Amino acid sequence: MNQNTCNVSFFDTEYPTLKLEKNSQLSEHLTVQNSPVLFGCRTGICGTCLIEVEGDIPPPNAEELEILEIFAPGKKQVRLACQIKLTNNIKIKKYET
Ligand code: FES
């Protein structure tokens, strides 16, 4: 297994799994062609990029938590895709509010 990549797969969709550079930002790699995730501000403010995440990634910082409390209160598996750093293999799904 290559230690320098993380697999990002999309559950419940036809999008193929992506192999992305470890420790890079998820938002640098996802596009409308390769994923169902949409971005708006890419700075953690608008809430457009909400996703459900399965896998081990660093916990949200205070700013991300604040936005998550507004858009997905109490949903611990929901994160902002634009704020995620790839440290592990993850499975993601667009979060429908
Ligand atoms: S794109 Fe706006 S919060 Fe992520």
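1. Two strands are taken to pair if DSSP finds at least two bridges between them, and that criterion underlies the remarks on the sheet below. By this reading, isoleucine 51 has lysine 94, in E5, as its bridge partner, and the strands E3 and E5 are joined in the antiparallel sense over five bridges. The model is a predicted one, and the points that follow should be read with this in mind.

2. The sheet as a whole is open and consists of five strands, in the order E2-E1-E5-E3-E4, with mixed pairing. Strand E2 (18-21) and strand E4 (78-80) stand at the edges, and because each has a single partner strand, one side of each is left without a neighbour in the sheet. From one strand to the next, the twist averages 40 degrees.

3. The mixed character of the pairing can be followed through strand E1 (residues 5-10), which pairs with E2 in the antiparallel sense over four bridges, with cysteine 6 standing opposite leucine 20 in E2. Towards strand E5 (residues 90-94), on the other hand, E1 runs parallel, and three bridges join these two strands; here serine 9 stands opposite lysine 91 in E5. In general, strands of a sheet pair through backbone hydrogen bonds, and they may do so in either the parallel or the antiparallel sense.

4. Cysteine 49 deserves a separate comment. This residue is placed in the loop between E2 and strand E3 (50-55), and it counts as buried because 23 other C-beta atoms lie within 10 Å, where the cut-off for a buried residue is 20 or more. Leaving aside neighbours within four places in sequence, cysteine 49 is in contact with Val37, Leu38, Phe39 and Gly40, and also with Leu80, Ala81 and Cys82. As for the last of these, the C-alpha atoms of cysteine 49 and cysteine 82 are separated by 6.5 Å, although the two residues are 33 residues apart along the chain.

5. The loop between E2 and E3 also holds asparagine 23, for which phi is near 70 degrees, a positive value in a residue other than glycine. Asparagine 23 is exposed, since it has 10 other C-beta atoms within 10 Å, and the cut-off for an exposed residue is 12 or fewer.

6. Arginine 42, likewise found in the loop between E2 and E3, has a phi near 60 degrees, which is again a positive value in a residue other than glycine. With 16 C-beta neighbours inside 10 Å, arginine 42 counts as partly exposed.

Note on methods
Residues numbered from 1 in each chain as written. Predicted model: local features only at pLDDT ≥ 70, side-chain atom pairs only at ≥ 80, totals over all residues. Axes fitted to C-alpha atoms, helices over the stretch in contact; angles between N-to-C directions. Contact = placed C-beta atoms within 7 Å.
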